[in-house]
Amino acid sequence: RPYEDRRVVREPSVEVQPDWDLVQETSFSDLTKMNHPLADRTPQVLAEHGALRYYNRSFDRITCRTPRPLDKLDAKYTFQNVTTTDDPVIRRLAAAATANVYITSHILALLMSATRSAYPWDIIVQRVGDTLFFDKRDGSIIDYWTVNETAYDPPRDEPKTSQDGNPVAKGPDDAAATAPAAINTFQALAMEATLVNQNFSQAACEQSAAVYNLAQPSPFEPDAGEELPSIGYVYKKWQMTPDIAVVVRTEVDAALSPTEPGGKPLRLVVKTLNEVMDSKQPSNWRARLDAQRGAVLATELKNNAGKLARWTAQAILVEADQ
């Protein structure tokens, strides 16, 4: 059998310049051994903003025999992933010297699960006096949910194009340059998975007027003619050491009606996996999902270890009930 090289060389998210000074280099093996005990493991809730719609429990009863089409709601709501320094609440907290490190749960969860990632990414760290702000670039891969990032045969990059828009062949046998459409590249699949998650997080909520309002309204404004989605922002402070405090903007997606009268609504993080057809390893969720749900989940844990680790870290940071 001829040798099949499955190594995928990714383009760097930032081109490293030869005149840059190397300050520190940490390998994944060293990163997994790092552990920092907290001075206080219980975070302090500084502020809560936003409004949550109630989760529709009928979604728990959906099966392959009783499917439900996914409503397209991304044109109705303004989905935002505002970076740290553009957040008005974080600016107010920084002005009051609440902490000396500020970050969002999207970025922090990525750092926490870095050893499970395979795609290149970068973050921007800005220092203002003795205060650090962790930011992301506009349009960064951090804004998207990847697909099959840790699979045996991960999706390929988009082919490079010339000035006239035609793909540039890397060699005479480059099939990507002659492909009619790049619908299965990792960029296109990540965009699809992100849109599916955005639409599902809103479709799974009751579309009634009843909402669970947090202490203060959302700090962000929707686009003209659109609404804010069901999302709550919880700003928390962790005291890492007596001299280092970290403020994190965490997110929760929906509320669940209490089972007991007078009880407090539960807070939920709503995420979804979407099936991606693979000719080499067909999954066929429609035939397997009801009877072999555990096997399907095990495959997704293997193929999407980075994404699922980020979701888990974000849920832990916000201390979601479900």
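In the predicted model, Glu251 is in contact with Ser105, His106, Ile231, Gly232, Tyr233, Val269 and Val318, when neighbours within four places in sequence are left aside. Glu251 lies in strand S7. Its relative accessibility is 12%, and because the limit for a buried residue is under 20%, Glu251 counts as buried.

Strand S7 (245–252) also gives two or more residues to the largest nonpolar core, as do helix H2 (88–95) and strand S6 (231–239). This core has 14 residues, and the members that touch the most others are Leu93, Tyr102 and Tyr235. A second core, separate from the largest one, is made of eleven residues. Among them are Leu73, Tyr77, Leu256 and Val270.

Helix H6 spans residues 293–303, and its buried residues are Val296, Glu300 and Asn303. These three lie on the same side of H6, because the arc they cover around the axis is only 70°. In an α-helix there are 3.6 residues a turn, so residues three or four places apart point the same way. The buried residues of H6 pack against two helices, H5 (285–288) and H7 (305–318). Gly294 and Lys302, on the other side of H6, are exposed.

At the surface, Phe28, Leu31 and Met34 make a nonpolar patch of about 270 Å². Phe28 belongs to helix H1, which covers residues 28–33. With a relative accessible area of 43%, Phe28 is partly exposed.

Terms used:
Residues numbered from 1 in each chain as written. Predicted model: local features only at pLDDT ≥ 70, side-chain atom pairs only at ≥ 80, totals over all residues. Heavy atoms only, no water. Core = buried A, V, L, I, M, F, W, Y, C linked by side-chain atoms within 4.5 Å. Buried < 20%, exposed > 50% of the residue type's maximum accessible area, 1.4 Å probe, protein only. Helix = DSSP H or I, 4+ residues; strand = E, 2+ residues; numbered from the N terminus. Contact = heavy atoms within 4.5 Å. Patch = residues over 30% accessible without salt bridge, like charges linked within 9 Å, V, L, I, M, F, W, Y side chains within 5 Å. Areas by Shrake-Rupley, 256 points an atom, 1.4 Å probe, with all protein chains shown as cover. Salt bridge = Lys/Arg side-chain N within 4 Å of Asp/Glu carboxyl O. Arc of directions from axis to C-beta.
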